[in-house]
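Subject: Structure handover

Hello,

Here is the structure we talked about passing on. Please open it first; my notes follow below.

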Amino acid sequence: MPRQDQSFRFTHIVARRPSPRVVDGLRAGDVGPPDFETFAAHHATYLQALEDAGVYVTVLDADDRFPDSVFVEDAALCLPEGAVVMRPGAPSRLGEAVLMAETLKDFYANIAEIAAPGFIEGGDILVSDREVLVGLSERTNEEGFNQLAKIVAQWGYKARMLQTPEGVLHFKTDCGLLDGETILATSRLAASGCFEGYRVLEIPEGEEAAANAIRVNDHMLLADGFPGTAKLLRDAGYTVITLPNSEAAKLDGGLSCMSLRFAPR
Ligand code: CIR
């Protein structure tokens, strides 16, 4: 089935406002808590950029019970045919998926769920025009992958199991989709050979944190502060929009994490 450009053409996004408790969010290394007011301002800028890219934006209320709930991407995978509710590998985030299942009912008739002992987070999933790539990580296990692969196979997708680099939170911490056949990746991930057959643009050394960029329709959203990557993408013909992301980055969050992007049929 042709899936030309379906991996970056979206009509809708769902996001959730950060709660003041975002300061208690999970983080691998501690560079200090994010500043809530600044986080909220960055989030508003992010939502505006998505709206400017031509999607209809649904913003859910902040939820104080879940410090990481602004990172909605981890709670679900949304494809045109249906949605899959994830089962986060971080115990403190399990309830976020339950919440997201309710929201997705407004958009999808077809909703599947990952069950224990599987666990998987949306940050470990990259969808291209030809396949669903899943990186195993501390947050995503093989059982989660197998369940997901079975679900998406019913909708005509092939899933491929990969490895998220050691010490990296999610697969997409190190890569992003530029178009259906082109990937932006860190050299350490590209070197693993997992993108063979794709065009790959490699992030300049020292700008690894720029890899979690998102393509939304004709705009490429990139965190600011990475001039080498911005130039690389602009020279390759992409329309690059740079956005402040310093506070989410303190919690290992990139631009992809803060929205579910989709075009339900
Ligand atoms: C976490 O550790 O779960 C959050 N602090 C960050 C989640 C980032 N999400 C993503 O990359 N998709």
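In strand 7, Val-132, Val-134 and Leu-136 point one way, while Leu-133 and Gly-135 point the other way, and all are buried (buried means under 20% relative accessible area, exposed over 50%, partly exposed in between, with a 1.4 Å probe and protein chains only). In a regular strand, side chains alternate between the two faces of the sheet. Strand 7 covers residues 132–136, and five of its five residues are buried. Helices (H or I, at least four residues) and strands (E, at least two) are DSSP runs, numbered from the N terminus.

This is a predicted model, in which local features need pLDDT of at least 70 and side-chain atom pairs count only at pLDDT 80 or more, whereas totals for chains, interfaces and linings use all residues. Residues are numbered from 1 along each chain as its sequence is written, and side-chain values use heavy atoms, leaving out hydrogens and water.

The sheet

Strands 6, 7 and 8 form an open sheet of three strands in the order 6-7-8, with mixed pairing (two strands pair if DSSP finds at least two bridges between them). Strand 6 and strand 8 each have a single partner strand and stand at the edges, so one side of each lacks a neighbour in the sheet. On average, neighbouring strands are turned by 25 degrees against each other, direction ignored (axes are lines fitted to C-alpha atoms, for helices over the stretch in contact, and angles run from 0 to 180 degrees between N-to-C directions).

Strand 6 (residues 125–127) runs antiparallel to strand 7 and is joined to it by three bridges. Val-127 has Val-132 as its bridge partner, and Ile-125 stands opposite Val-134. Four residues lie between the two strands of this hairpin.

On the other pairing, strand 7 and strand 8 (residues 159–163) run parallel and share five bridges. Here Val-134 is partnered by Met-161. From strand 7 the chain passes through helix 3 (residues 142–154) to strand 8 in a right-handed β-α-β crossover (right-handed if, with the strands pointing away from the viewer, the path from the first strand over the helix to the second runs clockwise).

Helix 5

Which residues of helix 5 are buried? In this helix (residues 227–235) they are Thr-229, Ala-230 and Leu-233. The face turned away from the buried side carries the exposed residues Pro-227, Lys-231 and Asp-235. After helix 5 comes Gly-237, with a positive phi near 100 degrees.

Regards
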